[in-house]
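Here is a short report for a first look. Keep the sequence and the 3D view side by side as you read.

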Amino acid sequence: MTTTELPVPTSTTSTVARAVGVDNRTTYISFGLAYLLGHGSRAISSGADPLVALPAWLPVALLGSGLGAGTVLATLAATRAQRDADGPEAVTGKLLGASWITAFVGLFLAITGLAAVPGMPDLQSTLWPTGSGFVVGLLYLAEGAARRNVLHYLLGTWLTLISTAALFLATPGTFWVLALAGGGGYALATVLEYRRVAAAR
């Protein structure tokens, strides 16, 4: 009498990684803090009648450190997710990663060119925060669609819309929108990302 052996999975690691995809929890936290602290400190310290007098370098340092940390964490998370990817999935991940460089080089060229126009000396201080949010939002849209991550896609939609809508407001209104709506969006996304990852596991 012979027995039929059932196939035994050699590892569940790749299956779990594919189900979770890119784990964005630490990235969302870092970017959210950057928005809240960086844009928030800019909001309370700018305008005709600022609430608090802060050194000009502090909001930039808070925003830059948060975005820098978030970018590193996002790269590490994407790299971990791509270890188990093959074929078209791996190519998609690499192309999405390269698109961040292209997008921000293009943004730099656009803002630098516009800032050279006479009579608009303060243009960069408005376009960099709003333009960055707009570009990040569009990249999130692309990543969410390619990786079938609805939460990432919705966060991208939110960032794209609030970053461009903030241009209708004068300083410090622009930074209040970015701090509260942008930071709040990241905070909500962080909570939902914890649930998504837990459900996928």
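## Aromatic pairs

How many aromatic pairs does the count come to? The count comes to eight aromatic pairs. Keep in mind that this is a predicted model.

One of the pairs joins Y28 and Y186. Their ring centres are 6.0 Å apart, and the planes meet at 55°. That makes the pair tilted. Y28 sits in helix α2 (residues 25-45), while Y186 sits in helix α7 (residues 173-200). The two are 158 residues apart, so the pair links distant parts of the chain. Both Y28 and Y186 are buried.

## One aromatic cluster

Y28 and Y186 also belong to an aromatic cluster. The other members are F31, Y35, W100, F104 and Y140.

## Nonpolar cores

Which residues make up the largest nonpolar core? There are ten: Y28, F31, Y35, V136, Y140, L151, L155, L159, Y186 and A189. Four helices each supply at least two residues of this core: α2, α5, α6 (150-165) and α7. Another core, of five residues, lies apart from it. Its members include I111, L127, V135 and L139.

Take F31 as a closer view. Leaving aside residues up to four places away in sequence, F31 touches G66, L67, G70, T71, Y140 and Y186. Two of these names, Y140 and Y186, appear in the largest core as well.

## Helix α5

Helix α5 covers residues 123-147, with 25 residues. From first C-alpha to last, α5 reaches 35 Å. That is close to the 36 Å expected at 1.5 Å a residue. R148 follows α5. The phi of R148 is positive, near 55°.

## Charged groups

What does the count of salt bridges come to? It comes to two. In one, the side chains of R25 and D23 meet at 2.5 Å, N to O. D23 has a relative accessible area of 18%. Buried means under 20%, so D23 counts as buried. R25 has an aromatic partner too: R25 lies over the face of Y194, at 4.9 Å from the ring centre.

The other salt bridge joins E193 and R196, with the closest N and O atoms 2.8 Å apart. Both residues lie in helix α7, three residues apart, about one turn of the helix. An α-helix has 3.6 residues a turn, so residues three or four places apart point the same way. Is E193 buried or exposed? E193 counts as buried, at 0% relative accessibility.

How values were computed: Residues are numbered from 1 along each chain as its sequence is written. This is a predicted model: local features need pLDDT of at least 70, side-chain atom pairs count only at pLDDT 80 or more; totals for chains, interfaces and linings use all residues. Side-chain values use heavy atoms; hydrogens and water are left out. Rings of Phe, Tyr and Trp (its six-membered ring) pair if their centres lie within 6.5 Å; planes under 30 degrees apart count as stacked, over 60 as edge-to-face and the rest as tilted. Buried means under 20% relative accessible area, exposed over 50%, partly exposed in between (1.4 Å probe, protein chains only). A charge sits over a ring if NZ of Lys or CZ of Arg is within 6 Å of the ring centre and within 35 degrees of the ring normal. The expected span of a helix is 1.5 Å times one less than its number of residues. A nonpolar core is a set of buried Ala, Val, Leu, Ile, Met, Phe, Trp, Tyr and Cys residues joined through side-chain atoms within 4.5 Å. Contact means heavy atoms within 4.5 Å. A salt bridge is a side-chain nitrogen of Lys or Arg within 4 Å of a carboxyl oxygen of Asp or Glu.
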